[in-house]
Amino acid sequence: MKIRCFRAVAIGAAVAVIGALPMSPASAAAGAPVSDDFHASALNSSLWSVENPVGNGSVAVNGTQLVLSVPAGSNHDTWSDGLNALRVVQPVANADFEVESKFESMGTAQYQDEGILVEQDASTVLRFDVFNAGGSIVLFAASISGATASVKVATTLSPSPAAPFWMRVKRTGSTWLFTYSRDGSTWVTGGSFSFAMTVAKVGPYAGNSGTPAPAWTANVDYFFNTASPIVPEDGGGGDVTPPVISGVTATPTQASATVAWTTNEASSSRVDSGATATYGANVANASLVTTHSLVVSGLACATTYHYKVTSADAAANSASSADATFKTSACAAAGAPVSDDFHASALNS
């Protein structure tokens with residue numbers, strides 16, 4: 001924990017610091033920041049890269065939030081001795097911008113930290129955040145250039161805010177404006193300062209530190225370019241991607257077939273089947289799952305059937321497999337009479 005470094009700047013509380021940065025380029029071309037309300041079941045990997053320097057953080061999307069979790073016992077600091085915060089970042093052009101994030105979490109243990117990182121390279125970043133200083137919440141901003149760290153904003157917020165909490169970072173040339181809101185409509189200036197850098201990436205982050213560092217999960221509702229927010233946020237327009245179907249199999253018997261497949265997100269299940277590719281019969285289950293299995297029954301033995309599977313996610317994005325076929329088992333050979341005491345709930349077809 002780098003408490004001694006921060007005590008030297010005397011804001012009245014020891015400050016959590018956050019850490020070292022292996023660069024992981026995203027596939028998206030650099031331009032203006034792109035808004036994301038995380039209204040999906042998985043992180044958009046064409047936009048975001050995960051940077052997990054310590055290697056034990058976890059990143060998830062739960063349908064409405066980005067969830068950044070760091071475990072207890074190891075520090076995820078951003079300071080002059082390392083840029084180790086867990087974050088997701090997107091490439092941006094080296095131009096003016098304003099971004100906004102809504103955090104649906106607030107640190108309750110000392111040195112839990114959440115905010116926005118602006119990156120130049122593996123040694124130069126700006127951090128804009130709030131952290132728990134042990135009984136109070138501090139609004140904080142700092143520049144880190146290699147072994148040099150400089151505090152830009154350090155303000156204890158009173159009364160201490162609770163979630164949700166909003167932050168904005170505005171860049172105009174080398175001037176940076178840090179504002180915050182407790183309600184999403186009234187904005188308060190946290191601080192303004194000058195720092196020259198060549199911006200390459202930006203995104204939300206979570207961090208912790210201390211002896212031992214507490215476990216911490218930051219919930220990010222959205223990350224917006226204020227010039228092009230998603231409206232309505234979480235309004236259903238965020239997820240336009242259908243589920244990905246894989247591993248389709250059919251296991252036939254004499255009079256039925258079990259059709260199974262998987263999807264990359266929770267979705268419904270449907271199997272269409274018939275003697276031709278026009279099908280004519282179907283079986284379905286509306287439950288949203290990722291592992292699917294349905295039984296097609298009432299089939300004739302030794303017969304070829306066409307089938308396809310279809311799955312739709314919670315946003316009604318639908319995908320279907322290609323047409324495929326299966327053949328039921330050979331008909332049972334006639335032989336001696338077979339006994340049956342009808343000790344069942346259905347006739348043995």
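How many bridges join strand S7 to strand S12, and how do the two strands run? Keep that question in mind as you open the structure, which is a predicted model, and select residues 97-103 for strand S7 together with residues 165-172 for strand S12. Seven bridges join these two strands, and they run antiparallel.

**The sheet around S7**

Widen the selection now to the sheet in which both strands take part. It is an open sheet formed by seven strands, and reading across it you meet them in the order S2-S3-S16-S7-S12-S13-S14, with antiparallel pairing. At the edges stand strand S2, residues 58-61, and strand S14, residues 187-194; each has a single partner strand, so one side of each is left without a neighbour in the sheet. If you look at how the strands are set against one another, neighbouring strands of this sheet are turned by 25° on average, when direction is ignored. As background for what you see here, strands of a sheet pair through backbone hydrogen bonds, either parallel or antiparallel.

**Strand S7, residue by residue**

Return to S7 and colour it by how much of it is covered. Seven of its seven residues are buried, so that the strand is described as mostly covered, because buried means under 20% relative accessible area. Show the side chains next, and follow the directions in which they point: Phe 97, Val 99, Ser 101 and Phe 103 point one way from S7, whereas Glu 98, Glu 100 and Lys 102 point the other way, and all of them are buried.

Which strand other than S12 should you select beside S7, and how many bridges join it to S7? Select strand S16, residues 216-225, which runs antiparallel to S7 and is joined to it by five bridges. On this side, you can pick out Glu 100, which stands opposite Phe 224 in S16. On the S12 side, select Phe 103, whose bridge partner is Phe 165, and then Phe 97, which stands opposite Arg 171.

**Arg 171, a buried charge**

Stay with Arg 171, which is found in strand S12, and show its side chain. Arg 171 is buried yet has no salt bridge, and the nearest side chain of opposite charge, that of Asp 96, is 4.7 Å away. That distance does not qualify because a salt bridge requires the nitrogen and the oxygen to be within 4 Å.

What, then, does the side chain of Arg 171 reach at 2.8 Å? It is the backbone oxygen of Gly 173, while the backbone oxygen of Ala 95 lies 3.3 Å from a polar atom of the Arg 171 side chain. To see the wider surroundings, select the residues in contact with Arg 171, leaving aside its neighbours within four places in sequence: these are Asn 94, Ala 95, Asp 96, Phe 97, Trp 176, Met 197 and Val 199.

**A walk through the salt bridges**

The structure holds nine salt bridges, and a few of them are worth selecting in turn. Begin with Lys 102, a residue of S7 that you have already met, and add Glu 104, since the side chains of these two meet in a salt bridge at 3.5 Å, N to O. Lys 102 is buried, with a relative accessible area of 15%, whereas Glu 104 is partly exposed at 29%.

Move next to Arg 127 and Asp 113, whose closest N and O atoms are 3.4 Å apart in their salt bridge. Arg 127 lies in strand S9, residues 124-132, and Asp 113 in strand S8, residues 112-119, so the pair ties together parts that are 14 residues apart in sequence. Arg 127 counts as buried at 0% relative accessibility, and Asp 113 also counts as buried at 0%.

Then select Arg 270 and Asp 272, which form a salt bridge with their closest N and O atoms 2.9 Å apart. Here Arg 270 is partly exposed, with a relative accessible area of 33%, and Asp 272 counts as buried at 9%. Finally in this part, select Glu 51, Arg 87, Glu 119 and Lys 201 together, which salt bridges with shared partners join into one network.

**Two alanines to finish**

Select Ala 324 in strand S22, which counts as partly exposed at 27% relative accessibility. Not counting residues up to four places away in sequence, Ala 324 touches Tyr 305, His 306 and Tyr 307. Go on to Ala 332, in the segment after S22, which is exposed, with a relative accessible area of 60%. From Ala 332, draw a distance to Gln 254: the two are 78 residues apart in sequence and 8.1 Å apart in space, C-alpha to C-alpha.

Notes: Residues numbered from 1 in each chain as written. Predicted model: local features only at pLDDT ≥ 70, side-chain atom pairs only at ≥ 80, totals over all residues. Heavy atoms only, no water. Pairing = 2+ DSSP bridges. Helix = DSSP H or I, 4+ residues; strand = E, 2+ residues; numbered from the N terminus. Axes fitted to C-alpha atoms, helices over the stretch in contact; angles between N-to-C directions. Buried < 20%, exposed > 50% of the residue type's maximum accessible area, 1.4 Å probe, protein only. Lys, Arg positive; Asp, Glu negative; His and termini not counted. Polar contact = N/O pair within 3.5 Å; in protein donor to acceptor, adjacent residues only side chain to side chain. Contact = heavy atoms within 4.5 Å.
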